[in-house]
Amino acid sequence: MFPQTRLRRLRYHPVVRDLVRETSLSPRDFILPLFVRPGMNIKNEIASMPGNFQLSVDRLVDEVGAAEKLGIQAYILFGIPTAKDGQGSSAWADDGIVQQALRALRSAHKDILLITDECFCEYTDHGHCGILKERRGTLDVDNDATLPNLARQCVSHVQAGADMVAPSGMMDGMVSAIRKGLDDAGRSDIPIMSYAAKYASGFYGPFRDAAESPPQFGDRSSYQMDPANTDEALREVALDLDEGADIVMVKPALSYLDIIRRVKDRFGVPVAAYNVSGEFAMVKAASARGWIDERRVTMEILTSIKRAGADMILTYHALDAARWLR
Ligand code: PBG
């Protein structure tokens, strides 16, 4: 057989490797999750998420200033409110914690993109993602009763300065309810990034500590997806796109790279992937013990998510990775 195929020819010279590289990362690919809480001058590191903090509004403004200097231009906000109730009504309060953060960030930093997570688990006293009602002798989230509240939350966030809303509660019909709410409020310009294929995952553990949002009973299996399913993810995405989603998300990322790829191939729309808290914590814990090389593994992970088909990555590694990419 001649000429003999030699794939190593493209691997000897570092510049050739650069030229043939199919996937590259930039700080512009990242969306940094941020946790905001009431108070002044608070910056509490989250034990299971080193380098990530619960921040008061003043310190949040500083944190975003530093991140922006590293080239991070998109942020997603999570709120930790003072008061919780059955409905999560502080989620749509005009003086709610996320609303305060949005106003402060909007006036301090002009060019950044502010995305808001739209859900109730941080705001309800029971920690579930919507209003509860009894079903077969147990309490469960009432899908349709939750939808108007979601629309209210989104409109309130947009009025306070959000550029994009990201519903994460896995309610059926959430995208159309939000789209209608925003359009009726005169904001047909605001895009929706839907957490379309969000799995009931063990990888959310550290986040629930960070956001103080674990369910007080039961789990989220009646609204989040079964990790065993893949066709169902395509149905979720198809429905959300039909309802008006502009960007669809797959979450978590690493155990679901196949889902990212299928969604990208099938729909060809902008895809976001959420590299979640437990995925981040595993890297931090193993590298702290010297078991893996943090920088190398982090870049490999982020590259793999992009290679799988994600256009953007929500990641707690954003600041570290942006520093390494300089
Ligand atoms: C709210 C929400 C969760 C995450 C993002 N939005 C938690 C959950 O569904 O329990 C998890 C993010 C992470 O683990 O990094 N519904």
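**Briefing: the ligand site and the cysteines**

The shell around the ligand is made up, by class, of ten nonpolar, three polar and five charged residues, where Ala, Val, Leu, Ile, Met, Phe, Trp, Tyr, Cys and Pro count as nonpolar, Asp, Glu, Lys and Arg as charged, and the others, Gly among them, as polar. This is a predicted model, in which local features need pLDDT of at least 70 and side-chain atom pairs count only at pLDDT 80 or more, while totals for chains, interfaces and linings use all residues. Residues are numbered from 1 along each chain as its sequence is written, and side-chain values use heavy atoms, with hydrogens and water left out.

**Ligand surroundings**

- Among the 18 residues around the ligand, those that come nearest are Lys198, Arg208, Lys251, Ser277 and Tyr316, a residue being near if one of its heavy atoms lies within 4 Å.
- Polar contacts (pairs of N or O atoms within 3.5 Å) include one of 2.6 Å between an oxygen atom of the ligand and the side chain of Arg208, and one of 2.7 Å between a ligand oxygen atom and the side chain of Ser277.
- A nitrogen atom of the ligand lies 3.3 Å from a polar side-chain atom of Lys251.

**Cysteines**

- A search of the whole structure finds zero disulfides, a disulfide being a pair of cysteine sulfur atoms within 2.5 Å.
- Cys129 is in no disulfide, and the nearest cysteine sulfur, that of Cys119, is 3.5 Å away.
- The sulfur of Cys154 is too far for a bond, because the closest cysteine sulfur, in Cys119, is 11 Å away.

Key: A polar contact is a pair of N or O atoms within 3.5 Å; within protein, one must be able to donate a hydrogen and the other to accept it, and residues adjacent in sequence count only if both atoms are side-chain atoms.
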